[in-house]
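Biologist: I'm new to this one and would like a quick tour. Could you show it to me and then take a few questions?

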Amino acid sequence: MGEYLMEAKNLHVSVNDTEILHGVDFAVNRGEVHVLMGPNGTGKSTFGFALIGNPKYDVTEGSIIFDGKDITEEPVNDRAKMGMFLSFQNPIEVPGITLSSFIRSALEQKTGERVKLWDFKKKLKETMEVLQMDPSYAERDLNVGFSGGEKKKAEILQLLMLEPSFAILDETDSGLDVDAVRTVSAGIEEYRKRCNGGLLIITHSTKILESLAVDKVHVMVEGKIVKTGDYKLVEEINNQGFEQFES
Amino acid sequence: MEEKTYVEDIDRSLYDFRNEDEDAYKLDEGLTKEIVLQISKEKNDPDWMRELRLKSLDIYNSLEMPDWGPSIEGLDMDHIVTYVRKNTKMAGDWDSVPDEIKDTFEKLGIPEAERKSLAGVGAQYDSELVYHNIREDVAKQGVIYTDLESAVHGEYADMIQEHFMHLVPPTDHKFAALHGAVWSGGSFVYVPKGVKVEIPLQSYFRLNAKGAGQFEHTLIIVDEGADLHFIEGCSAPKYNVANLHAGCVELFVAKNARLRYSTIENWSKNMYNLNTKRAIIEEGGKMEWVSGSFGSHVSYLYPMTILKGDNSKMEFTGITFAGKGQNLDTGAKVVHMGKNTSSYMNTRSISKGGGISTFRSSVEVKKEAVDSKVSVSCSSLMLDSISRSDTIPAMDIRTPRADVGHEAQIGKISDDEVFYLMSRGMTEEDAKALIVSGFADNVSKELPLEYAIEMNNLIKLEMKGSIG
């Protein structure tokens with residue numbers, strides 16, 4: 001391969017002048033599934049936001065390389081156009097635009113071409129079926145009045161429709177019941193089939209991982225990745241928790 | 001060809017073009033008895049109208065300028081031209097309208113809109129209507145839609161005399177008095193009993209002359225059980241001197257009738273918009289206001305509804321967008337007199353670039369208006385820290401048997417929302433415009449599609465270059 005799809009080098013990130021991440025190294029190849037685990041408040045979401053480019057998260061040192069390009073200074077919308085995606089832990093409600101037209105305009109932004117309405121509708125319908133979403137959600141305002149579970153499904157729907165080459169799923173499974181977690185997992189599996197993209201799954205539960213082939217597991221504690229391993233690491237954490245990693 | 005109502009992107013030049021007014025007939029600046037008499041003579045007023053003008057002038061001179069709202073110091077009444085007329089007569093077919101004026105309205109998309117979606121159109125250029133037309137099938141239903149000047153003399157003269165400035169008397173305030181003295185142009189609509197006008201009528205007001213005032217009068221009578229949607233649009237090119245708009249709208253909604261009155265106002269930002277609108281509703285009638293205020297330098301605008309009859313209703317849906325250099329004081333008033341009456345106000349105000357947007361409401365429930373319901377809901381969105389938004393609600397409830405609700409929200413555009421939208425590839429500008437359009441959704445949902453599109457275009461236009 002030689003070159004990674006996405007690579008963070010010695011990433012230091014501050015929020016309001018307080019350093020949260022103290023030098024994180026991380027790399028994903030195309031088609032790989034990485035899992036980031038760790039106790040609450042350890043910097044996992046910060047890492048996700050820094051990768052996608054939330055302006056509140058200051059990269060004070062280090063760099064982010066995506067598709068061979070240094071994107072450390074690129075604004076979030078350009079990263080999105082290059083093929084990065086973040087599934088939000090708390091998706092925002094936006095009245096005035098329907099889920100369907102939002103996805104369509106995002107697609108058009110990305111490709112710079114007009115999306116054919118008929119093809120789009122068809123694909124949207126099929127994808128919503130995979131996620132067991134009621135088709136009426138497509139014509140509802142983006143996330144407005146959606147339940148927690150529907151919001152998460154709507155995020156995965158966007159993932160499947162936009163087909164990014166690298167996606168970060170930030171606690172997509174949190175607050176979901178068993179069935180919804182299974183549906184979301186099926187959505188992630190579908191994404192892998194469609195795109196062979198790279199995935200970073202941030203979670204502190206392991207339910208969502210059961211049906212996925214995980215390539216690497218990283219444990220983050222206090223703003224650093226303290227251990228990287230394969231799926232066995234998940235089992236270890238399941239049995240013993242994070243205490244063993246904390247100093 | 002740019003068209004106002006049907007384009008995706010409009011630019012400022014669409015509203016900003018101006019025509020030279022060398023060949024126009026213009027009265028001198030300022031306001032004197034001579035000028036008022038001259039206007040009256042020009043219009044060949046009946047005696048009662050001339051008397052009303054002179055009485056209004058006296059009232060105007062005796063009243064003080066309002067001292068409670070945005071500053072109108074920049075408005076020097078001695079230099080406002082009250083009457084400007086192009087050397088043309090009103091036309092009933094589009095081809096007879098002089099080219100220059102025709103071109104103006106064509107740029108604004110008026111004849112296009114008429115062909116597509118309107119039952120009738122009136123177009124006013126400076127002080128006079130230049131075009132008035134109503135679809136034949138609508139005219140056959142007995143609907144009258146004409147300029148007010150000819151109505152004063154025609155078949156409906158008595159009806160005009162009976163209603164004209166009875167709802168908004170010249171004593172109401174200084175600019176109502178001014179209006180009474182120098183009014184010119186505007187429309188008269190009468191919808192006979194039981195007639196439902198399926199598609200809207202529209203009047204478009206264009207003020208082209210520099211340093212002039214526009215004082216059009218709109219008088220609408222919707223008779224028992226009838227139904228009408230009336231749309232009003234306004235625009236003007238920008239000049240570096242003050243222009244004044246002091247129009248007056250009087251709406252009479254009879255028993256079980258319904259009137260919807262929609263306005264998209266986009267005056268240029270040197271305009272003082274001191275407009276008065278009022279409706280009186282009889283038993284079981286319904287008044288619906290939809291109001292979008294985007295333009296003008298200073299606005300005082302509070303459409304008022306008098307719920308006179310039992311079971312009458314009103315709904316007011318409004319949006320105000322104040323940008324740099326704008327101080328827009330808008331809202332609504334309602335008086336509940338009849339039993340079991342209801343009013344619902346739902347407004348949004350947006351301010352950016354140092355603009356000031358104030359929502360002012362007044363609700364009065366009389367002792368007799370038992371079992372009435374009042375609901376006032378207003379939200380404000382400030383797009384930056386230099387802009388201002390105020391809410392000034394007043395309520396005077398004289399019966400314990402009324403159900404009154406009020407909610408107000410003031411907020412700023414949230415970084416999280418912008419970031420969320422941008423994370424899907426949207427530019428910051430588009431993300432903010434989308435959030436603002438969503439915030440304004442209450443109004444755009446109430447507008448006919450092409451006006452909703454126009455409103456969204458206006459929002460996009462306002463949002464351009466607002467980043468940073």
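Modeller: Sure. One term before we start: two strands count as paired if DSSP finds at least two bridges between them. Keep in mind too that this is a predicted model.

Biologist: Let's begin with strand β3 of chain B. Which residue in β4(B) is the bridge partner of G120(B)?

Modeller: β3(B) and β4(B), the latter covering residues 128-134, run antiparallel. They are joined by 6 bridges. In one of these pairings, the partner that G120(B) finds in β4(B) is I134(B).

Biologist: And which residue takes a positive phi in the hairpin of β3(B) and β4(B)?

Modeller: That hairpin leaves 2 residues between its strands. The one with a phi near 55° is D126(B).

Biologist: Which residue of β7(B) stands opposite Y125(B)?

Modeller: β3(B) also pairs with β7(B), residues 201-206, and here the strands run parallel. Once more 6 bridges do the joining. Facing Y125(B) across this pairing is R206(B).

Biologist: Are the faces of β3(B) covered or open?

Modeller: In a regular strand, side chains alternate between the two faces of the sheet. On one side of β3(B) sit G120(B), G122(B) and Q124(B), and on the other V121(B), A123(B) and Y125(B). Buried means under 20% relative accessible area, and 6 of the 6 residues in this strand are buried. So both faces of β3(B) are covered.

Biologist: Over to chain A. Which strands stand at the edges of the open sheet there?

Modeller: The sheet has 4 strands in the order β2-β1-β4-β5, with antiparallel pairing. Each edge strand has a single partner, so one of its sides has no neighbour in the sheet. Those strands are β2 (18-28) and β5 (69-70) of chain A.

Biologist: Between β1(A) and β4(A), how many bridges are there?

Modeller: β1(A) spans residues 6-15 and β4(A) residues 57-66, paired in the antiparallel sense. V15(A), for instance, stands opposite Y57(A). The bridge count for this pair is 8.

Biologist: Back in chain B, how many residues of helix α13 are buried?

Modeller: α13(B) runs from 449 to 463 and reaches 21 Å, close to the 21 Å expected. Its buried residues include Y451(B), L458(B) and M463(B). Out of 15 residues, the number buried is 11.

Biologist: Last one: why is M395(B) called partly exposed?

Modeller: M395(B) lies in β24(B) and joins I397(B) and V404(B) in a nonpolar surface patch of about 200 Å² accessible area together. Partly exposed falls between 20% and 50% relative accessible area. M395(B) fits because its own value is 35%.

Key: Residues are numbered from 1 along each chain as its sequence is written. Chains are lettered from A and ligands numbered from 1 in the order in which they are written. This is a predicted model: local features need pLDDT of at least 70, side-chain atom pairs count only at pLDDT 80 or more; totals for chains, interfaces and linings use all residues. Side-chain values use heavy atoms; hydrogens and water are left out. The expected span of a helix is 1.5 Å times one less than its number of residues. Buried means under 20% relative accessible area, exposed over 50%, partly exposed in between (1.4 Å probe, protein chains only). Patches are made of residues with over 30% relative accessible area and no salt bridge: like charges are joined within 9 Å, nonpolar side chains (Val, Leu, Ile, Met, Phe, Trp, Tyr) within 5 Å. Accessible areas come from the Shrake-Rupley method with a 1.4 Å probe; for residues, only the protein chains shown count as cover. A salt bridge is a side-chain nitrogen of Lys or Arg within 4 Å of a carboxyl oxygen of Asp or Glu.
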